[in-house]
Amino acid sequence: MADQDKPHKQMIKSIQRVVVDRKIGIAFSGGVDSSLLAKICNDCGYEITLLTIGFEDSHDVKYSKEIAKMFGYNHKIGKISPKTFPEISKKIIKTIKTGNLSWNENCIAFYHVAKLAKRYGITKVLTANGIDELFCGYNAYREAIKQGKNGVMKLMESKLENEINMMKAVNTIASEFGVQIIQPFLSTEFINFSKKIPVEEKIHGPDDLIRKHIIRDLAFKIGIPQEVSYKRKKALQYGTLIHKTMMKLK
């Protein structure tokens with residue numbers, strides 16, 4: 001088992017390298033990745049505000065309230081209006097000009113995150129994007145591990161390229177509100193560090209439903225509750241009900 005202090009220290013370095021402002025927002029779902037990011041930033045002395053978006057009855061809106069209260073962090077929620085959702089979605093899809101559903105849904109989500117951030121005078125919002133790609137968080141890694149380390153690394157490269165490009169589109173959308181979305185865990189330095197961590201410390205095999213074990217163990221070690229640290233992944237577009245609503249528009 002690798003020393004958990006090393007990823008922790010690298011995460012701190014990655015955050016401090018790109019974040020100069022003391023007042024920052026954290027895109028927050030209540031899951032392990034965003035909780036870990038929030039905890040590290042708070043421990044480093046940043047003035048953080050957790051920012052959660054979603055439809056009224058969405059998982060992320062309900063769950064994030066519980067977790068934010070548990071942490072005692074400042075938390076703001078932006079509820080997506082079913083009335084304005086179709087018009088805003090069409091505008092965003094027209095702006096980024098892609099048929100990639102995941103890109104469209106993520107850009108829609110971060111449009112609402114940026115709008116919420118602006119409401120509270122926040123111009124820099126951090127996200128934990130990169131953790132799922134680098135630490136085998138996605139379900140697709142269960143199939144990739146059947147081809148061994150090479151299969152995992154090939155998928156990782158593809159996932160990273162997609163995520164980096166998608167976040168450029170996200171920032172195009174967020175710029176409407178004068179907000180910058182920052183991904184400290186997609187920096188070249190952190191990517192290079194993470195790739196050197198043995199695959200078996202990230203995923204245990206094709207039947208591994210939890211995955212990214214070294215991240216979960218680190219989260220638990222630095223004080224994130226067990227139920228959060230080891231909770232199974234729920235992607236942003238699903239946790240906010242954006243995906244479900246998008247499907248109804250078709």
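Here are some questions and answers about this predicted model.

Q: In what order do the strands of the open sheet run?
A: Happily, the layout of this sheet is simple to follow. The open sheet has 5 strands, and their pairing is parallel. From one strand to the next, the twist averages 30 degrees. Read across the sheet, the order is β3-β2-β1-β4-β5.

Q: Which are the edge strands of this sheet?
A: An edge strand pairs on one side only. In the order β3-β2-β1-β4-β5, that description fits the strands at residues 74–79 and 180–182. The edge strands are therefore β3 and β5.

Q: Which residue in β3 stands opposite T52?
A: Let's look at the pair first: strand β2, residues 47–54, and β3 run in the parallel sense and share 6 bridges. Within this pairing, the residue of β3 opposite T52 is I77.

Q: Over how many bridges do β1 and β2 pair?
A: Strand β1 covers residues 23–27, and K23 stands opposite E47 in β2. The two strands pair in the parallel sense, and the number of bridges is 5.

Q: How many residues of strand β1 are buried?
A: Buried here means under 20% relative accessible area. Strand β1 has 5 residues and is largely enclosed by the rest of the structure, because the number of its residues that are buried is 4.

Q: Are α1 and α9 roughly parallel or roughly antiparallel?
A: Helix α1 (residues 5–18) packs on helix α9 (residues 188–195) with the axes 9 Å apart and an angle of about 170 degrees. Angles over 145 degrees count as roughly antiparallel. The angle therefore makes α1, relative to α9, roughly antiparallel.

Q: How many charged residues are in the contact of α1 with α9?
A: On the α1 side the contact involves K6, P7, Q10, M11, S14 and R17, and on the α9 side E189, F190 and F193. By class, 4 of these residues are nonpolar and 2 are polar, and the number that are charged is 3.

Q: Why are α2 and α10 oblique to each other?
A: Helix α2 (residues 32–43) and helix α10 (residues 213–221) have axes 10 Å apart. Angles under 35 degrees count as roughly parallel, and 65 to 115 as roughly perpendicular. The two helices are oblique because neither range holds their angle, which is about 45 degrees.

Q: Which residues of α10 make the contact with α2?
A: The crossing of these two helices is left-handed. From α2, the contact draws on V32, D33 and L36. Of the residues in the contact, 5 are nonpolar, none are polar and 2 are charged. The α10 side consists of I215, R216, L218 and A219.

Q: Is C136 buried or exposed?
A: C136 sits in the loop between α6 (131–134) and α7, and its phi is positive, about 60 degrees, although C136 is not a glycine. Its relative accessible area is 0%, so C136 is buried.

Q: Is K97 buried or exposed?
A: K97 also has a positive phi, near 50 degrees, and is a residue other than glycine. Its place is the loop between α4 (85–96) and α5 (101–119). With a relative accessible area of 69%, K97 is exposed.

Q: How far apart in space are A144 and K154, C-alpha to C-alpha?
A: A144 belongs to helix α7 (residues 140–144) and counts as buried at 7% relative accessibility. Beyond four places away in sequence, A144 touches G151, V152 and L155. K154 is 10 residues from A144 in sequence, and their separation in space is 8.4 Å.

Key:
Residues numbered from 1 in each chain as written. Predicted model: local features only at pLDDT ≥ 70, side-chain atom pairs only at ≥ 80, totals over all residues. Heavy atoms only, no water. Axes fitted to C-alpha atoms, helices over the stretch in contact; angles between N-to-C directions. Left-handed = near helix turned anticlockwise from the far one by under 90°. Contact = heavy atoms within 4.5 Å. Nonpolar A, V, L, I, M, F, W, Y, C, P; charged D, E, K, R; others polar. Buried < 20%, exposed > 50% of the residue type's maximum accessible area, 1.4 Å probe, protein only.
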